[in-house]
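Subject: Structure for your review

Dear colleague,

Please find the structure below, together with its sequence. A summary of what was found in it follows.

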Amino acid sequence: MKHGKWHKRQVEQSLPAWRDEFLRYKELKPIVSAVSGLPPSPAEFAALLDAEIEKINIFFIEQEEEFIIRHKELQEAIKGVLARKAAVPEAAHEAEVAAIRREIVNFHGEMVLLLNYSSVNYIGLAKILKKYDKRTGAVLRLAVIETVLAQPLFTAEAVTLMVRECEAMMEAVFPTAPGEGQAAARRDREALAAAEQRIFRNTVAALLAMQDVRSGSSTRGRHSLPPLTLPDSDWLRSFQPPSPIPIQ
């Protein structure tokens, strides 16, 4: 699959409110590939990309800050549910647990989508810079990518940590009872996936895209995205859609 189509699909699979915050790959490509006329100078093109990078970073930081707050609120909510367990009827406790679990799944899904947002934008920047350098003979890619490597959109350390802590929360707070076995656990997961179908489906697609992009590159180097290993990847992969088509 050509990168432009892949990029468009990743944007469409994200949350509707996020779609205008992605790299404008579709708009940048004609600027680089124009048949008539010359592409912008390196300084002009770098300025265009700087504006895009600033937009992406602002959005990423805003989402990260919101997630940090939600993460703390969820931790407090879980403590409250566990503390009230002995004082409320079993049915009420189960209802509270179900509500918290849905919140955790949605929160986890949004964080995975944000990590995918980071990956998609980084790859788009690398692709458009490669096209520009090839078209003009410039060497702009190295300088821009070196700058991006230090940006929040690339490092994403806080979000990655919260994703793993969120998965640990699920295991610690809602473990499978010893007698339930794999069949019961599977039924529970399928019910959860059905209840949160849209965000869950998009989370799976995002996770698989990140895994394939970060591990499937034919050329590895200092500017490659780091390999992605999330503890829940096998669990999410059990609900995976058809295998992603490799991008070109």
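I begin with helix α2, whose buried residues pack against α1, α3 and α4. Please bear in mind throughout that this is a predicted model. The buried residues in α2 are Tyr-25, Leu-28 and Val-32. Viewed along the helix axis, the buried residues of α2 lie within an arc of 65°, so they line one face of the helix. This agrees with a general property of the α-helix: at 3.6 residues a turn, residues three or four places apart point the same way.

Two of these residues, Leu-28 and Val-32, are also in contact with Phe-45. Beyond its neighbours within four places in sequence, Phe-45 further touches Pro-40, Ile-128, Leu-129, Tyr-132 and Leu-140.

Phe-45 also belongs to the largest nonpolar core, which has 53 residues. Phe-45 is listed among those with the most contacts inside this core, along with Trp-18, Met-111, Leu-114, Val-148 and Val-159. At least two core residues come from each of α1 (3–12), α2 (25–33), α3 (42–84), α4 (90–136), α5 (140–148), α6 (152–155) and α7 (157–173). The largest share, 19 residues, is supplied by α4.

Finally, I would draw your attention to Glu-64, which is found in helix α3. Is Glu-64 buried or exposed? Its relative accessible area is 15%, and because this is under the 20% cut-off, Glu-64 counts as buried. Leaving aside neighbours within four places in sequence, Glu-64 is in contact with Leu-114, Ala-158, Val-159 and Met-162.

Yours sincerely

Technical notes: Residues are numbered from 1 along each chain as its sequence is written. This is a predicted model: local features need pLDDT of at least 70, side-chain atom pairs count only at pLDDT 80 or more; totals for chains, interfaces and linings use all residues. Side-chain values use heavy atoms; hydrogens and water are left out. A nonpolar core is a set of buried Ala, Val, Leu, Ile, Met, Phe, Trp, Tyr and Cys residues joined through side-chain atoms within 4.5 Å. Buried means under 20% relative accessible area, exposed over 50%, partly exposed in between (1.4 Å probe, protein chains only). Helices (H or I, at least four residues) and strands (E, at least two) are DSSP runs, numbered from the N terminus. Contact means heavy atoms within 4.5 Å. The arc is that of the directions from the helix axis to the C-beta atoms.
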